[in-house]
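Grab a pencil and work through these exercises with the model open beside you. Each one sets a task and then walks through the solution.

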Amino acid sequence: MNKTHKVITTKQIETRFSIIRTLLAVAIALVFAFFLMATVSDNILKDFTTLLIGPLASSSRMTTVISKMIPLLFTGVAVALVYSAGQINIAAEGAFFAGAVAATVVALIEGIPAPIHIILTLLAGAITGAIVMGIPAIMHVKYNVVTIVSALMMNYVALYGGLYVILNPLRDPSAGFEASFSFQRSAILPTLFGNNRLHIGLLIGFAVVILSSILLYNRPFGYEIRTVGQNQKFANYSGISVNKTIVLTSLLSGAIAGMGGTVETLGNYSRFVYSGFTNHGWDGIMLAVLCRNNPKAIPFAALFLAYIKTSADALNLTSSIPPEIISVIQAIIIIFIAAERFLANWEHKKIVANSQRALAIEKGE
Amino acid sequence: MLDYIFSLEFIFAVIRMGTPILFVGMAAVIGAKADILCIAYEGMMLFAALGGVIGSAYSQNLAVGAIVGLLAGLVIAAIFAYFVLYLDTKPLLTGLALNTLGTGGTVYVVYLLTGMKLDTSSLASLRFPTIHIPVIKDIPVIGSIISGHNLLSYVAFIMVIVVWYLVFKTRLGLRIRAVGEDPAAAASVGINVRRTKFIALLISGLIASMGGLFMSMGYMPYFTNNMTAGRGFIGIAAQNLGRGNPIITMIYTLIFGASMAIGNTAQSFRLPSQFASMMPYLITLIGLVVIGARNKKNERRLHESISRKSKV
């Protein structure tokens, strides 16, 4: 008893290792990025510095980081929720896009007072997003359709269906490019801190993060979601309606992604401008992986992703490096964090050593 | 519009549009037989498409281009297989990561080589030739349907037979199906499960890479940013609709090819092009529901007949 060896639980070791793995994945990705950039760059040190701390260089860039983070909060939480239920529903991309389209439709209606108009656009985005993600879920529980395939197809249906609406009945021929009519002023989101690039979507995003985190970890329904995600048979035997949980979670997740599309469109633009996928849904998958489906961690991961995206934009302006470097970094990070056996041996050794020590102390007493 | 559908031009367009999807469909059949959900075909195709262009442009030799392209695609397949089989990475996430790498990484390489970010039209890359089959081309109607396609389109159709033969008639195919259906049982009779799945994924990657080659060396004369545009996914959907049967999968890839062909010409028929572009995906969704409903009904019937018998 005189020597107090600190004994930690296995769970603590696992947490520690998931952090180490995350940091190591980021480090490996950065090393790769360094060498890749060196092949193109004339001044690799300067460019690599831009990648690392570029976004901190000016307050305008820091605003960009926050502004890029807002939609990621939504899609990150959306994917984390649906993945918690074990559903590989990748229709968040389509839900985001369709949400933006639906919001545009509502935002063009004249004569609705501001606060109500904004609520209506959010509602429209949420409902449309829920439909886009709900259909693959319903197809899965009713007809046993593989979700990943139907969700992919749903993404394209949402994309082309949305573009049809925007570019035919809603197209503004005087815009000079392919875009919708201008939104009504009453539908445009109020800005924050007098900065016209930060909008109340940030607050809504954080509300979504907090509420879904409470739902998932402090409410019976959240417990049901996680149980279904871990073991459907067990969930079934313990009286949870698996199908209902899957469909409800997908609807909720789609609603969040759809609201993300709404907020991103009405917060940053004066008309609908997308001509293709925005990639926010795919980014959401990366965030959910980084956070191991825990909504609480999404803001940090979203901040990180928004940060490196801003770095890439800065690099694009100050050097000859194509911003696609970010996709390479993202790919490496995802793959190494998702690699279950990466560092697993080391982790096991630590856990074994730790339990042996715990046993020894127990015997000593 | 009906005139177009019954025209020779349309049949050519269907085959042209269907070729890359057919390759991916066959790749997905092998992946599905080994029970691996691989969505990385998009990434493999992009790297193969770029590799083919670079190889052929710098060597001015079609075979070298093809080999470089296939190797580029194979590298992606091997990375996928290694991470999924040896590092226990979730296949979906690995596929997602590699597709991201494909879209971003290829643009990077294009920029590195040409100084342009959009396409490789400045490189003098080669194309696969169009084949005019000697005797057949002179037969009226049939000759003009069968003859005159890109070399790789013929390879794609031959690939259907090759894949069918490989999966159902060879030792390797039997092993692939065994590890796919029940890895434990396969292992118990001495099959190396991981190695078999690895080989299956490499073969699958090779076939998908041919689809990539077709994109940049047949369908188009150069590589452009994200030129596969979801074809890797449509191929997977076709496999799904075909329930792993190469022949039925082929039929679905042609249906997709047809709806793409209609989509491409829709504007000349005053149909909104977005509507037409949406068709293949919508058809897939409906097809999945119809097939799912039928399977469910069959299953229920089976259950009923079993329970009836057990009562007696």
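**Exercise 1. Find the loop that holds Asn144(A), and decide whether the residue is buried or exposed.**

Step 1: Asn144(A) sits in the loop between α5 and α6 of chain A. Helices here are DSSP runs of H or I with at least four residues, strands are runs of E with at least two, and both are numbered from the N terminus.

Step 2: A quick word on what you're looking at: this is a predicted model, where local features need pLDDT of at least 70 and side-chain atom pairs count only at pLDDT 80 or more, while totals for chains, interfaces and linings use all residues. Residues are numbered from 1 along each chain as its sequence is written, and chains are lettered from A and ligands numbered from 1 in the order in which they are written.

Step 3: Now count neighbours. A residue is buried if 20 or more other C-beta atoms lie within 10 Å of its own, exposed if 12 or fewer, and partly exposed in between, with C-beta atoms placed from the backbone. Asn144(A) has 14 other C-beta atoms within 10 Å, so it is partly exposed.

Step 4: Check the backbone. Asn144(A) isn't a glycine, yet its phi is positive, near 60°.

**Exercise 2. Do the same for Gln60(B): where does it lie, and is it buried or exposed?**

Step 1: Look in the loop between α3 (41–59) and α4 (62–86) of chain B, and you'll find Gln60(B).

Step 2: Gln60(B) has 12 other C-beta atoms within 10 Å, so it is exposed.

Step 3: Phi is positive for this non-glycine residue too, near 55° for Gln60(B).

**Exercise 3. Work out which elements of chain A build the side that touches chain B.**

Step 1: Start with the totals. The contact takes 41 residues from chain A and 43 residues from chain B, where two residues are in contact if their C-beta atoms, placed from the backbone, lie within 7 Å.

Step 2: On the chain A side, at least two residues each come from α1 (10–40), α5 (114–143), α6 (147–167), α11 (280–290) and α13 (325–338). The most come from α6(A), with 13 residues.

Step 3: Sort that side by residue type: 31 nonpolar, 7 polar and 3 charged. Ala, Val, Leu, Ile, Met, Phe, Trp, Tyr, Cys and Pro count as nonpolar, Asp, Glu, Lys and Arg as charged, and the others, Gly among them, as polar.

**Exercise 4. Describe how α6(A) and α11(B) pack against each other.**

Step 1: Two packed helices are described by the angle between their axes and the distance between the axes. For this pair, the axes come within 10 Å and cross at roughly 130°. The axes are lines fitted to C-alpha atoms, for helices over the stretch in contact, and angles run from 0 to 180 degrees between N-to-C directions.

Step 2: Put a word to the angle. Under 35 degrees is roughly parallel, over 145 roughly antiparallel, 65 to 115 roughly perpendicular and the rest oblique. α6(A) and α11(B) are therefore oblique to each other.

Step 3: List the players: Val149(A), Leu152(A) and Met153(A) come from α6(A), and Phe233(B), Ile236(B), Ala237(B) and Asn240(B) from α11(B). They divide into 6 nonpolar, 1 polar and no charged.

Step 4: Zoom in on Val149(A), which lies in helix α6 of chain A. Val149(A) has 25 other C-beta atoms within 10 Å, so it is buried. Leaving aside neighbours within four places in sequence, Val149(A) is in contact with Ile236(B), Ala237(B), Asn240(B) and Leu288(B).

**Exercise 5. Explain why α11(B) counts as largely enclosed.**

Step 1: The helix spans residues 231–241 of chain B, and 11 of its 11 residues are buried, so the rest of the structure largely encloses it.

Step 2: Among the buried residues are Phe233(B), Ile236(B), Ala237(B) and Asn240(B). Those four also belong to the contact with α6(A).

Step 3: Just past the helix, Arg243(B) takes a positive phi of about 50°.

**Exercise 6. Place Phe272(A) in chain A and list its contacts.**

Step 1: Phe272(A) is in the loop between α10 (242–268) and α11 of chain A.

Step 2: With 29 C-beta neighbours inside 10 Å, Phe272(A) counts as buried.

Step 3: Beyond neighbours within four places in sequence, its contacts are Ala100(A), Val101(A), Thr104(A), Ile166(A), Ala179(A), Ser180(A) and Thr265(A).
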